[in-house]
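Please open the model in your viewer, set side chains to sticks, and follow the stops below in order. Each stop says what to select next and then describes what is there.

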Amino acid sequence: LHLCDRRQRQMCIRDSLWRVLSTSGSGGTYTDTEGQAVDQGGAVFLLTANLIERDALDYNRGYPYPGFDYMDSYARKEWCPNFFNDTFDPGEQLAILYTSKTTDGAVFPAEGYSLPLTKEKSPALENDRVFVPSVEELCTEAYGFAAFSSTEDVKRSAIPLGKDVESFYHLRSELNYELMGGSAGIIYENGIGQMGPAPIMPWLKFTMYYRPATNLDAARVVLNTAVENGKPEAPGLIAVADKARDANRKLTLREEARAAFSVSEAVVTSGKAVFTYENAAVGAKEYLSALLCDGDGRVLYYGWLKALTEATDTSGTIELDVSALPLSGGNTLYVFNEQRNGGTYTDYSSSLLPLTLKYPAPEPPPSTPSTPEPPPSTTPPAPERPSHHTPVKVGGAEEKTVSPQTADPGVALYAVFAAASAAGAVHVARRRYE
């Protein structure tokens, strides 16, 4: 996925860019792929930044006058499912929610237009995963749009993929005008929403572009990172530069196939944390990674600790120097197994597993005949805090120590733990296995 923020920055799915309109859904109800209800705070409302392709909407049913029926239209029953299957890979499909929505019967304001588009005739959604947007959704100020459909709005305008000039596209809303019943609304090149074609013969079909929308399951999102230089290439934890939040972004999604991945507690001695991991996925793009989050979920440090390229890498031992990390104040160190696919391609990972740090009690001082032996202290020693890098030692046949960098203004990593942020635009891209 490749995302954008509340000002409609962008995100990428495959080669298509998506605008994040809301991190509280599109005003409907939602269920995930396991049939569990998801509240609105768990839904991220996305709209493609570009128009996708020209095709017939084919809302019209009946003769001699067309009947308006989005629920039984070609757009809903064929085009949207085909787009879903062709655009998202299986891992991404699991992160797309089922959306249902009803209308409230109110006429949507049109600022004096005699032929307004309406919410009253915006068809409902019923377990739709990809859908044609309505006039209500594209006139909601909270999503960044002008409130009136009759107002020119560059954010409602869009350019077809591979083109350089804006064009018009379908809505699922019907024109609120009895004599033109059956006319589906459209958005014009200048962003004005108005009546579309109203053929009197049901076999006539008018082609125009689609601009699909969907709702993303925020619970599936592990990281939200910049597309360019979003994840460091060198091993070791790196301090995250809190910049480039406006950059185009991509997602790392949680993958159920990695649910067996586990880590032990870490024993910390002289600033070195030693722990083991098991059941990691291995391959050319597989890594054991870690990040340090503050209490608000903001990532402070991120990096990969070990490349899991060999079959024997499915389990192992890691020694991590934590002496330079700010481990107090509610900060938490997490370890996870991720697949890094590069570019705009979606990455996949296990859940983030908190690493429990165990500090052994210090040795008591030597006793003398004249001095009673004091009881051992249970207070962990204060970690040493060098002024710069945090070495990582990887256990195995050949142990090596690597040193991460401090925050580099050229590294545009800004990650969000456990929720999608409206902090960029998002790419959703097919997984690459080569």
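Select Arg258 and Glu286 to begin: in this predicted model, the side chain of Arg258 makes a polar contact with the side chain of Glu286 at 2.7 Å. With Asn337 added to the selection, a further polar contact appears, from the side chain of Arg258 to the side chain of Asn337 at 3.3 Å. Arg258 itself lies in the loop between strand 18 (248-254) and strand 19 (262-263). Leaving aside residues up to four places away in sequence, the residues that Arg258 touches are Ala281, Glu286, Asn337, Glu338, Gln339, Tyr348, Ser349 and Ser350.

Is Arg258 buried or exposed? Its relative accessibility is 7%, and because buried means under 20% relative accessible area, Arg258 counts as buried. Glu286, at 6% relative accessibility, counts as buried too.

The contact between Arg258 and Glu286 is also a salt bridge, with the closest N and O atoms 2.7 Å apart. This pair links distant parts of the chain, since Arg258 is in the loop between strand 18 and strand 19 while Glu286 is in strand 22 (residues 286-293), 28 residues apart.

Stay with strand 18 and select Lys250 together with Asp347, whose side chains meet in a salt bridge of 3.2 Å, N to O. Asp347 lies in strand 26 (residues 347-349) and Lys250 in strand 18, so the pair ties together parts that are 97 residues apart in sequence. Asp347 counts as buried at 2% relative accessibility, and Lys250 is buried as well, with a relative accessible area of 4%.

Next, select residues 74-87, which form helix 1. This helix has 14 residues and reaches 18 Å from its first C-alpha to its last, close to the 20 Å expected at 1.5 Å a residue. Its buried residues are Ala75, Arg76, Trp79, Cys80, Phe83, Phe84 and Thr87, and several of these are worth selecting in turn.

Take Arg76 and add Asp128: their side chains meet in a salt bridge of 2.9 Å, N to O. Here too the pair links distant parts of the chain, with Arg76 in helix 1 and Asp128 in strand 10 (residues 125-128), 52 residues apart. Both Arg76 and Asp128 are buried. A search of the whole structure finds 14 salt bridges, of which those described so far are examples.

For the aromatic side chains, select Trp18, Trp79, Phe83, Phe84, Phe88 and Tyr210, which form one aromatic cluster. Across the whole structure a search finds 10 aromatic pairs. Among them, Phe83 and Phe88 form an edge-to-face pair, 6.5 Å centre to centre with 85° between the planes, and both Phe83 and Phe88 are buried. Phe84 and Phe88 form a tilted pair, 5.6 Å centre to centre with 55° between the planes. The relative accessible area of Phe84 is 8%, which places Phe84 among the buried residues, and Phe88 counts as buried at 1% relative accessibility.

Two further selections show a charged group over a ring. Select Arg129 with Tyr98, where Arg129 lies over the face of Tyr98 at 4.4 Å from the ring centre. Then select Arg340 with Tyr287, where the charged end of Arg340 sits over the ring of Tyr287, 5.2 Å from its centre.

Terms used:
Residues are numbered from 1 along each chain as its sequence is written. This is a predicted model: local features need pLDDT of at least 70, side-chain atom pairs count only at pLDDT 80 or more; totals for chains, interfaces and linings use all residues. Side-chain values use heavy atoms; hydrogens and water are left out. Helices (H or I, at least four residues) and strands (E, at least two) are DSSP runs, numbered from the N terminus. The expected span of a helix is 1.5 Å times one less than its number of residues. Buried means under 20% relative accessible area, exposed over 50%, partly exposed in between (1.4 Å probe, protein chains only). Rings of Phe, Tyr and Trp (its six-membered ring) pair if their centres lie within 6.5 Å; planes under 30 degrees apart count as stacked, over 60 as edge-to-face and the rest as tilted. A charge sits over a ring if NZ of Lys or CZ of Arg is within 6 Å of the ring centre and within 35 degrees of the ring normal. A polar contact is a pair of N or O atoms within 3.5 Å; within protein, one must be able to donate a hydrogen and the other to accept it, and residues adjacent in sequence count only if both atoms are side-chain atoms. Contact means heavy atoms within 4.5 Å. A salt bridge is a side-chain nitrogen of Lys or Arg within 4 Å of a carboxyl oxygen of Asp or Glu.
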